[in-house]
Amino acid sequence: MESKIKRKNKSWLIIIGSLIFLSGIGLITYDYLSNKQIDNKENKMLEEFYEIEEEIESIEEPQVIEEVKEQVKVNYIAVLKIPKIGLERGLVDPNSYLNNVNYNLEWLDGSSMPDEEKGNVIIAGHSGSSRISYFRKLDRLVLVDDIYIIYNGKTYNYKVADIYDIDKTGTAEIVKEKNTTTLTLITCRHGTSKQIVIVAKLQS
């Protein structure tokens, strides 16, 4: 009788273990397919962005550019490219709800747009290991590395001019030379209470 109970208990343990294993496999598969679907959508948006950029490259009137974009319904207004770390990421309108580090790279409040002379484009992103950690390799950049922003039919080339750390307090102190046009990238230094700030200068 006792051995029959033990066999019965063992059978239940095997069934429960199998169910837990199958549930785990199901969750991993769902997560993979879900991420794949998002990746495909984002790649399509990048393709659409580049198509419209080619179309507006020769257009000079801002109003005409906006009309063309409205017709095509482009979701990205710019693309940030950092060849050294293999980053190519679309940027949404600063007023979009998707302009948030929990969804994408984020234009921070007070950021200039790339075509503003002597302005400072400020973009933040997550580091770490999650899917949205688009700045996970940002700490690999060194002085004079190239960074590009494609915006309104033009490619803006920046070179890294300064790299420094700040305390993670919710605000960031940005050091910028007065008469320069710059790009500032900000992310957390993973595993620390610091943030890394990278300042790059626009090349003429």
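This report describes the sheet, the nonpolar cores and three loop residues of a predicted model.

Residues are numbered from 1 along each chain as its sequence is written, and side-chain values use heavy atoms, with hydrogens and water left out. Because the model is predicted, local features need pLDDT of at least 70 and side-chain atom pairs count only at pLDDT 80 or more, while totals for chains, interfaces and linings use all residues.

**The sheet**

Eight strands (a strand is a DSSP run of E with at least two residues, numbered from the N terminus) form an open sheet of 8 strands with mixed pairing. Their order is β2-β1-β5-β6-β8-β7-β4-β3. Two strands pair if DSSP finds at least two bridges between them. In general, strands of a sheet pair through backbone hydrogen bonds, either parallel or antiparallel. β5 and β6 are antiparallel to each other, with 6 bridges, and Y151 lies opposite K154 in β6. The edges are β2 and β3 (106-107); each has a single partner strand, so one side of each has no neighbour in the sheet.

**The cores**

A nonpolar core is a set of buried Ala, Val, Leu, Ile, Met, Phe, Trp, Tyr and Cys residues joined through side-chain atoms within 4.5 Å. Buried means under 20% relative accessible area, exposed over 50%, and partly exposed in between (1.4 Å probe, protein chains only). The largest such core has 27 residues, and among those with the most contacts inside it are I123, I147 and L183. At least two residues of this core come from each of β1 (78-82), β2 (87-91), β4 (120-124), β5 (146-151), β6, β7 and β8 (194-202). A second, separate core has 7 residues, including M45 and V79.

Contact means heavy atoms within 4.5 Å. Leaving aside neighbours within four places in sequence, the contacts of I123 include L91, W107, F135 and I149.

**Three loop residues**

| Residue | Loop | Relative accessibility |
|---|---|---|
| V144 | between β4 and β5 | 56%, exposed |
| N152 | between β5 and β6 | 18%, buried |
| T180 | between β6 (154-167) and β7 (182-188) | 14%, buried |

Most residues other than glycine have a negative phi. V144 is not a glycine, yet its phi is positive, near 70°. N152, also not a glycine, has a positive phi of about 50°.

T180 counts as buried because its relative accessibility is 14%. Not counting residues up to four places away in sequence, T180 touches K118, G119 and K201.

Terms used
Helices (H or I, at least four residues) and strands (E, at least two) are DSSP runs, numbered from the N terminus.
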